[in-house]
Amino acid sequence: MVTPGRVGETTFATPSDREVVITRIVDAPRRLVFEAWTNPEHVPQWLLGPEGWTMPVCEIDLRVGGTWRYVWRKDDGAEMAMSGIYREVVRPERIVSTERWGPEWPETVNTVQLVEAAGRTTITITVLYPSKEARDMALQTGMKEGMNQGFARLDELLGQLA
Amino acid sequence: MRTAAYRRMPSDRLDATFAALADPTRRAILARLATGDASVMELAEPFDMSQPAISKHLKVLERAGLISRGRDAQRRPRRLDAAPLREVLEWAEAYRRNWEANFERLDDLLQQLKDKEKHRGHAR
């Protein structure tokens, strides 16, 4: 399981062959985190990836069987869309939804779990892939924080090359 | 839940790179080559392995575009080609950075929401 770190620290883990788990602790009660995560007014303010992207479309029908759809646009006009269906909605602590990102990508089941303690919230995102191959292909295995040993070594290696 | 920012890479190329990197001997070979070109014999030395076994690993690395052969016809030294490694590492790092960026913006938003709540509380 993931050991949560301090506020402001993002951790990655691959607890099983088909999962990727991302955690982050934020300094806010979970009802606000839930709000930020599920209100279409708020989501485009933060779920943007790197600089240069906006989210002109954010549709959220937050109920079991309801759909969500995000469209991102880059300043050069490039667009990306993602969508899915809610499978479980427990306010303000848990959201389970499917996610599909274009036909060549595998559909995943994402669980967002919010646990509050002393006014802070631990966000745990679990992304479940249909197979290990799908996960590794989509995420390229090396994304864990610190990466695995091989990648740590490669980092050193590239340091030497630079 | 994934961020919008993956740089797409040709997946067959990535597959070859990751498969090549999955083996500790091959990673050790790459680490050795990072310090300079080396012949097959020199590469085999630190490993308790036959030359054919090492050659097999070298073939995998070569196919992934991670190493190439030098000009010296006698020694045929292998040389590290770093571009694919760099690409893979950049790709993985970009994923991590995207989530960092998202969470940093989320932190700001949550602060705003908290402030708003506080104001509302005072107004009451």
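A residue counts as buried if 20 or more other C-beta atoms lie within 10 Å of its own, as exposed if 12 or fewer do, and as partly exposed in between, with C-beta atoms placed from the backbone. Keep that in mind as you open this predicted model, where local features need pLDDT of at least 70, side-chain atom pairs count only at pLDDT 80 or more, and totals for chains, interfaces and linings use all residues. Residues are numbered from 1 along each chain as its sequence is written, while chains are lettered from A and ligands numbered from 1 in the order in which they are written.

**Stop 1: Val71(A)**

Select Val71(A), which sits in strand 4 (residues 67-74) of chain A; helices (H or I, at least four residues) and strands (E, at least two) are DSSP runs, numbered from the N terminus. Val71(A) is partly exposed, because 17 other C-beta atoms lie within 10 Å. Now add Thr54(A): the two C-alpha atoms are 8.5 Å apart, with 17 residues separating them along the chain. Contact here means that two C-beta atoms, placed from the backbone, lie within 7 Å. Beyond its neighbours within four places in sequence, Val71(A) is in contact with Met55(A), Pro56(A), Val57(A), Glu79(A) and Ala81(A).

**Stop 2: two hairpins**

Next, colour strand 5 (residues 79-90) of chain A, which pairs with strand 4 of chain A in the antiparallel sense over seven bridges; pairing requires that DSSP finds at least two bridges between the strands. Look across from Arg73(A) and you will find Glu79(A) in strand 5. These strands form a hairpin with four residues between them, and Gly77(A) in the turn has a positive phi of about 100°.

Carry on to strand 6 (residues 94-99) of chain A, joined to strand 5 by four bridges and antiparallel to it. This hairpin has three residues between its strands, and Val90(A) has Arg94(A) as its bridge partner. In the loop between strand 5 and strand 6 of chain A, pick Pro92(A): the peptide bond from Arg91(A) to Pro92(A) is cis, with omega near -10°.

**Stop 3: Ala118(A)**

Jump to the loop between strand 7 (108-117) and strand 8 (120-128) of chain A, where you will meet Ala118(A). Ala118(A) is not a glycine, yet its phi is positive, about 50°. Most residues other than glycine have a negative phi, and most peptide bonds are trans. Ala118(A) is exposed, since 7 other C-beta atoms lie within 10 Å.

**Stop 4: the cores**

A nonpolar core is a set of buried Ala, Val, Leu, Ile, Met, Phe, Trp, Tyr and Cys residues joined through C-beta atoms within 7 Å. In the largest, of 18 residues, those touching the most other members are Val26(A), Ala28(A), Leu32(A), Val33(A), Ala36(A), Leu106(B) and Leu110(B). Two or more residues come from each of strand 2 (19-26) and helix 1 (30-38) of chain A and helix 5 (83-123) of chain B. Another core lies apart from it, with 16 residues, including Leu33(B), Leu43(B), Leu61(B) and Ala82(B).

**Stop 5: chain B**

Finally, show chain B alone: five helices and two strands, in the order α-α-α-α-β-β-α. Buried residues make up 27% of its 124 residues. Select helix 2 (residues 24-34) of chain B, whose buried residues are Arg26(B), Ile29(B), Leu30(B) and Leu33(B). They lie on the same side of the helix because they cover an arc of only 100° around the axis, the arc being that of the directions from the helix axis to the C-beta atoms. Just after helix 2 of chain B, Gly36(B) takes a positive phi of about 150°.
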